[in-house]
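Student: I should like a close look at one part of this structure, namely its charged side chains and their surroundings. Please give one connected account.

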Amino acid sequence: MSSTAHTGSVFKWAVPKPRYYPSEEDHKKYGGDPEQPHQLHVVYRIRSALRRPYWEKNMVKTLGLTKKRYPVIHKNTPSVNNRLNTIKHLIEIKPLKLPQGLPTEEELQHCYINSKGELMIHKCLEPIEQKQIGPN
């Protein structure tokens with residue numbers, strides 16, 4: 001008898017790992033439209049990478065998740081999703097919502113992300129030019 005575990009004629013290490021694909025129940029539970037998924041993720045690191053394997057520490061560093069509870073925005077692409085899947089136990093992912101629409105170049109400096117994962121535009125008031133009052 002060999003010490004390697006196998007099922008029938010296929011070894012366990014040869015069987016591919018199942019991939020996560022969201023189901024209709026997930027979309028009902030968490031919201032969103034499966035036909036038009038969100039384009040951007042807001043990723044928060046909620047657990048430390050200490051005492052984790054080196055590949056998880058490297059992944060946290062490459063994704064820019066150096067500060068705890070600091071939002072980082074990433075695209076919703078398969079390559080980014082595979083990276084996020086390797087450290088899914090250390091992070092929290094929310095879709096980026098745009099209630100006020102996409103900001104313009106002038107509004108970018110007045111943007112912030114609130115705790116609900118919404119990109120808010122906080123416009124500051126600008127002084128208007130005062131006209132001189134007096135004889136002309």
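**Salt bridges and a buried arginine**

Tutor: Glutamate 92 and lysine 94 form a salt bridge in which the closest N and O atoms are 3.9 Å apart. Salt bridges with shared partners join Arg69, Glu92 and Lys94 into one network. The model is a predicted one.

The other link in this network is the salt bridge between arginine 69 and glutamate 92, with 3.2 Å between the closest N and O atoms. This pair connects distant parts of the chain, 23 residues apart: arginine 69 belongs to the loop between α2 (54-62) and β4 (72-75), and glutamate 92 to strand β5 (residues 91-95). Accessibility varies among the three partners. Arginine 69 counts as exposed, at 51% relative accessibility, because the exposed class begins over 50%. Glutamate 92, at 24%, counts as partly exposed, and lysine 94 is likewise partly exposed, with a relative accessible area of 23%.

Across the whole structure, a search finds three salt bridges. One of them joins the side chains of glutamate 56 and arginine 52, at 2.8 Å from N to O. Here glutamate 56 is buried, with a relative accessible area of 7%, whereas arginine 52 is partly exposed, at 33%.

Arginine 45, in strand β3 (residues 40-45), presents another situation. Arginine 45 is buried yet has no salt bridge, and the nearest side chain of opposite charge, that of glutamate 56, is 11 Å away. Because a salt bridge requires the nitrogen and the carboxyl oxygen to be within 4 Å, that separation rules one out for arginine 45. Its side chain does have polar partners in the backbone: the side chain of arginine 45 reaches the backbone oxygen of threonine 66 at 3.0 Å, and a polar atom of that side chain lies 3.1 Å from the backbone oxygen of arginine 47.

Beyond its neighbours within four places in sequence, arginine 45 is in contact with Val60, Leu65, Thr66, Lys67, Lys68, Arg69, Leu90 and Ile91. Among these contacts is Arg69, a member of the network with Glu92 and Lys94. Val60, Leu65, Leu90 and Ile91 are also among the contacts of arginine 45, and these residues belong to the largest nonpolar core, which has 11 residues. Another member of that core is Ile87. Leaving out residues up to four places away in sequence, isoleucine 87 touches Glu56, Met59, Val60, Leu63 and Leu65. Glu56 is thus a contact of isoleucine 87 as well as the salt-bridge partner of arginine 52.

Methods:
Residues numbered from 1 in each chain as written. Predicted model: local features only at pLDDT ≥ 70, side-chain atom pairs only at ≥ 80, totals over all residues. Heavy atoms only, no water. Core = buried A, V, L, I, M, F, W, Y, C linked by side-chain atoms within 4.5 Å. Buried < 20%, exposed > 50% of the residue type's maximum accessible area, 1.4 Å probe, protein only. Contact = heavy atoms within 4.5 Å. Helix = DSSP H or I, 4+ residues; strand = E, 2+ residues; numbered from the N terminus. Lys, Arg positive; Asp, Glu negative; His and termini not counted. Polar contact = N/O pair within 3.5 Å; in protein donor to acceptor, adjacent residues only side chain to side chain.
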